[in-house]
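Biologist: Could you take me through this model step by step, with a reason behind each reply? I am new to reading structures, so please go slowly.

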Amino acid sequence: MKQFTSDKEAADALHHVYRELTSEISKVIVGQEEVVKLVLTAVFCQGHCLLVGVPGLAKTLLIQTIASSLDMSFNRVQFTPDLMPSDIVGAETMDNERNFKFVTGPVFANIVLADEINRTPPKTQAALLEAMQEHAVTVAGHKYNLPRPFFVLATQNPIEQEGTYPLPEAQLDRFMFNITLDYPSYESELQIVKNTTGAAVSSLNKILHADDILAFQQLVRRVPVVDNVVEYAVKLVHKTRPNMPMASTQANQYLEWGAGPRASQHLIVGAKCNAILNGKYSPDIEDVQAVALPILRHRIVRNFKAEAEGITVEKIIQELL
């Protein structure tokens, strides 16, 4: 880990490293620049990500590629209806001398890919709750700390809902970002087909180590923010809460529930990181707006009127901005 003489020098280094990372990731992932930026923002903000998209949009490949460019341990869990909580966190087993020994599960890694997280029942989904919030798991009354840094990057298919289990709001709130992946453009898809139907295999370099990421996470926390930016973020969240003093007209009309305080916290931390990645030393209101949609998308609940009129969550958030 390189030592920096000032936070300004460290911020410049993070901006440079981000450009290196995106360049490395683009060897495998064509397009999706905004998605890559949001996932890396979550990494530097100690946050978790939920990627939602139809099959074949490289959600899993994107996460595996990002993990490959970071020198950290990586485990993938394929969520299925018969998966048990112990399959994720681990379990106590008896050894040859009849002593109980804890065998760690795949959650004991720096990056955990929870593939198709909505395919497993709530009991198993909830196994990740403590890990995501406390960075630890409790088994048989004993608490086991997870390695730092720790990220859960989950994928979800929005089309095929038969036999799936929607994540409860309490668990959705643990994710910093809810990122929607769209179909690639015609030009991007041409490049994807050319890259993936030949014999060439791209090898990725390790750009960042775990210690570097921990240091950059602390740097992001130290970024100064002026009061009017904090006030804007908190007011934006308050606007989403129907029947409250600061509620917007859209919230009163179309929302059942608004975002909680965790949204305000993520807006500020996300804005800090977005500023540094763009080469600035302090965030402004535009940085808050840049991260607002993926932060608020899964934290507000539409009412029946909004669903009946076809008013989307994205449209409500855009009007609030």
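Biologist: Is Asn243 buried or exposed?

Modeller: Please keep in mind throughout that this is a predicted model. Asn243 sits in the loop between α10 (227-239) and α11 (249-254), and its phi is near 65°, a positive value in a residue other than glycine. The relative accessibility of Asn243 is 70%, and a residue counts as exposed when that value is over 50%, so Asn243 is exposed.

Biologist: And is His135, in the loop between α6 (127-134) and β7 (136-139), buried or exposed?

Modeller: His135 has a positive phi of about 55° although it is not a glycine, but the backbone angle does not settle the matter, and we need the accessibility. The relative accessibility of His135 is 10%, and the limit for a buried residue is under 20%, so His135 counts as buried.

Biologist: Which residue is joined to Arg148 by a cis peptide bond?

Modeller: The place to look is the loop between β8 (142-145) and β9, where a proline is found. The omega angle of the bond is about -10°, and the partner of Arg148 in this cis peptide bond is Pro149.

Biologist: How many residues of domain 1 are in contact with domain 2?

Modeller: The domain assignment divides the protein chain into domain 1 (7-212) and domain 2 (225-320), and their centres, taken over C-alpha atoms, are separated by 24 Å. On the side of domain 2, 18 residues take part in the contact, and on the side of domain 1 the number is 22 residues.

Biologist: Which three residues supply 28% of the area that domain 1 buries against domain 2?

Modeller: The area buried between domain 1 and domain 2 is about 1900 Å², and carbon and sulfur atoms give 61% of that area. Within the part that domain 1 buries, no other three residues supply more than Asp173, Met176 and Asn178.

Biologist: Where does the largest nonpolar core lie with respect to the two domains?

Modeller: This core has 74 residues, and those that touch the most other members are Phe44, Leu51, Phe177, Ile179 and Leu267. Domain 1 (7-212) and domain 2 (225-320) both give residues to the core, so its place is between them.

Biologist: How many residues are in the second, separate core?

Modeller: This core is distinct from the one we have just discussed, and Ile88, Phe108, Ala154 and Leu172 are included in it. Its size is 27 residues.

Biologist: Which histidines does Phe177 touch?

Modeller: Setting aside residues up to four places away in sequence, the residues that Phe177 touches include Leu38, Thr41, Cys49, Val291 and Pro294. The histidines touched by Phe177 are His48 and His298.

Biologist: Which residue offers its backbone oxygen at 2.6 Å from a polar side-chain atom of Thr65?

Modeller: Thr65 belongs to helix α3 (residues 59-69), a helix that is mostly covered, with eight of its 11 residues buried. Thr65 is buried as well, because its relative accessible area is 3%, and beyond its sequence neighbours up to four places away it touches Ile25, Val28, Ile29 and Leu204. The backbone oxygen that lies 2.6 Å from a polar atom of the Thr65 side chain belongs to Leu61.

Biologist: Which residue has its backbone oxygen 2.9 Å from a polar atom of the Thr120 side chain?

Modeller: Thr120 is found in the loop between β6 (111-115) and α5 (122-125), and it is buried, with a relative accessible area of 0%. Among the residues in contact with Thr120, leaving aside neighbours within four places in sequence, are Phe79, Pro81 and Tyr165. The backbone oxygen in question comes from Thr80.

Biologist: How many Å apart in space are Leu167 and Pro122?

Modeller: Leu167 lies in the loop between β9 (151-156) and α7 (169-172), where it is buried, with a relative accessible area of 7%. In sequence, Leu167 and Pro122 are 45 residues apart, whereas the distance in space, C-alpha to C-alpha, is 7.3 Å.

Biologist: What percentage of the chain is helix over residues 249-319?

Modeller: The unreviewed UniProt entry annotates this stretch as "domain: ChlI/MoxR AAA lid". Over these residues the end C-alpha atoms are 10 Å apart, strand accounts for 7%, and helix accounts for 66%.

Note on methods
Residues are numbered from 1 along each chain as its sequence is written. This is a predicted model: local features need pLDDT of at least 70, side-chain atom pairs count only at pLDDT 80 or more; totals for chains, interfaces and linings use all residues. Side-chain values use heavy atoms; hydrogens and water are left out. UniProt positions are given in the numbering used here, feature names are shortened, and annotations may be inferred rather than shown by experiment. Helices (H or I, at least four residues) and strands (E, at least two) are DSSP runs, numbered from the N terminus. Buried means under 20% relative accessible area, exposed over 50%, partly exposed in between (1.4 Å probe, protein chains only). A polar contact is a pair of N or O atoms within 3.5 Å; within protein, one must be able to donate a hydrogen and the other to accept it, and residues adjacent in sequence count only if both atoms are side-chain atoms. Contact means heavy atoms within 4.5 Å. A nonpolar core is a set of buried Ala, Val, Leu, Ile, Met, Phe, Trp, Tyr and Cys residues joined through side-chain atoms within 4.5 Å. Domain bounds come from an automatic or database domain assignment. Buried area is the accessible area (1.4 Å probe) that two parts lose on being put together, summed over both.
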